[in-house]
Amino acid sequence: MVTTTEPEAGVAPTRPDYGHLIQPDRVHGSLYTDPRIFAEELERIWYRTWVFVGHESEVPQPGDYVRKNIGPQDIVMTRDRSGEVNLLLNRCAHRANLVCESAKGNSNSFRCPYHGWTYSTDGKLLGYPYNKGYGGKNKLDLAMGRVPRVASYQGFIFGSFASDGPSLIEHLGEAATEIDRLARLSPEGKVDLTAGWLQHRTRANWKLLAENETDGYHPQFVHGSIFSVTGSPIGALYSDNSTAVTRNLGNGHSENDLRPEFRGFAEPMRWFGTTESRVPDYVAKMREVHGEAAEQILIEGAPHVMIFPNLFIAEIQVFNIQPVAHNECIQFSTAVQLRGAPELNRRMVSQSIGSVGPAGMLLADDTEMYERNQVGVQMLRPEWLDLRRGLDRERTDERGLTIGSATDETGMRGFWAHYKKLMEDDK
């Protein structure tokens, strides 16, 4: 049995043996329950790799700001006077008080309520009261903390606390093409995340959510009620008879690729659960912009992709996973808005409310499973969680990527292989 007891007095604590805890066909339960492992995850994943933070459309004008998180770090995402997006740590350089209280807004500066220190929207110290206490100096060499690296892809803002390392495009790798797929559904080629974010607090380890996002084995069972009530054809696409695939995109990213099924039907907008006659203006505009290529786009639809460690694009919604503790996390969700597609955007908001809103059924189903898993994984026996589904039928696609059938755990295995690499990295 793998123990997680505290070391004896005077004995240096040993690091968890991730080579033992993470095996090709199973993972140990302590990975979800051990606070020490959670602390190491913060250092080696959330404070070292690229993490999704927000979207450029949330701060469109100079002075706009919105509160965000990277793990438990409170971040203020701002657009400064020069138009640059900054990720500032919400902490006064004087006595560590929170500088920004509001969830979002527009301001030329941030003023700490404790002693009145004031900062610009790029985090620079503008001034402070009673400068005689500092020898009459008008400026001290202090500023709000900054996330060292900030980068954007298709408007999606990522931050990294590591001052160097792989670029964002290197981190995204093959997953970048899935974000491109989402953007091309807009007649203007742009995605906005402006519908507002819902917050779902979950008493479960964040990795249970990340694993589940491309688990094609559960939809027929967990979401059977919503599929039957709505008459959705999506559930049937997750079965052993489906031509859809689960794909390991590398770097911990994975997707459920339903395009083979939609290509078989060859019906525009089926991916959205509707027909082109219900959204005629959108379809006409797409055909005008893309010409013959529009048919493939309208048939194949949006991606279903989990981007390590916290960005999940679920066709018409975007999710942001924020870890809080080893047994708690928050999942933020918002409806995708496609620039130049008001007809479709209204439907996306409506469908998102029905599936992940306060009274929505889809996310409520998943959250119940996450919390049941968290309770179950604390049981003493068995110690391991099985990951072998589809292992013996994996294959390589034309891009050289590993794929499995629609219900296989190919994505989970890819997630854990990358996780293990990061947790064993001695840099």
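Start by selecting isoleucine 313 and valine 318: the two stand opposite each other, with valine 318 in strand β19. Keep in mind that what you have open is a predicted model. Now widen the selection to residues 311-314, which is β18, and residues 317-325, which is β19. These two strands pair in the antiparallel sense over four bridges. For another pair on the same ladder, pick leucine 311, which sits opposite asparagine 320 in β19.

Next, look at the turn. β18 and β19 make a hairpin with two residues between them. Click glutamate 315 there: its phi is positive, about 55°.

Stay with β18 for a moment. Are its faces covered or open? Both are covered: Leu311 and Ile313 on one side, and Phe312 and Ala314 on the other, are all buried.

Now step over to residues 304-307, strand β17, which pairs with β18 in the antiparallel sense over four bridges. Select isoleucine 307 and you'll find leucine 311 as its bridge partner in β18. Here too there is a hairpin, with three residues joining β17 to β18.

Time to zoom out to the whole sheet. Nine strands form it, and it is open, in the order β14-β20-β19-β18-β17-β16-β15-β24-β23, with antiparallel pairing. Colour β14 (198-202) and β23 (395-396) to mark the edges; each has a single partner strand, so one side of each is left without a neighbour in the sheet.

Two helices are worth showing against this sheet. Helix α11, residues 342-356, packs on the sheet and touches β14, β19 and β20 (328-335). Its direction makes about 40° with that of β19. Then add helix α12, residues 362-376, which also packs on the sheet and touches β14, β19 and β20. The direction of α12 makes about 25° with that of β14.

Back to β19, where you should pick out proline 323. With 0% relative accessibility, proline 323 counts as buried. What does it touch, leaving aside neighbours within four places in sequence? Show Phe38, Trp46, Gly71, Pro72, Trp206, Glu328 and Cys329: proline 323 is in contact with each of these. You can also draw a distance from proline 323 to arginine 44; their C-alpha atoms are separated by 14 Å, though the residues are 279 apart along the chain.

For a second sheet, select β1, β2 and β22, which form an open, antiparallel sheet in that order. The edges are β1 (22-23) and β22 (384-386); each has a single partner strand, so one side of each has no neighbour in the sheet. Two bridges join β1 to β2 (residues 26-28). Click isoleucine 22 and you'll see valine 27 of β2 opposite.

Now go to residues 410-424, helix α13. At 1.5 Å a residue, its 15 residues should span 21 Å, and the end C-alpha atoms are indeed 21 Å apart. The helix is mostly covered, with 11 of its 15 residues buried. Among them are Met412, Phe415, Trp416, Tyr419 and Leu422.

Finally, show everything. The protein has 13 helices and 24 strands, and its C-alpha atoms fill a box of roughly 75 × 60 × 40 Å along the principal axes. Its radius of gyration is 23 Å, which agrees with the value near 22 Å for a compact globule of 427 residues. Of those residues, 52% count as buried. Switch on the surface and you have about 19500 Å² exposed, with carbon and sulfur atoms supplying 50% of it.

Note on methods
Residues numbered from 1 in each chain as written. Predicted model: local features only at pLDDT ≥ 70, side-chain atom pairs only at ≥ 80, totals over all residues. Heavy atoms only, no water. Pairing = 2+ DSSP bridges. Contact = heavy atoms within 4.5 Å. Axes fitted to C-alpha atoms, helices over the stretch in contact; angles between N-to-C directions. Rg over C-alpha atoms; globule rule 2.2 N^0.38 Å. Buried < 20%, exposed > 50% of the residue type's maximum accessible area, 1.4 Å probe, protein only. Areas by Shrake-Rupley, 256 points an atom, 1.4 Å probe, with all protein chains shown as cover. Expected span 1.5 Å × (residues − 1).
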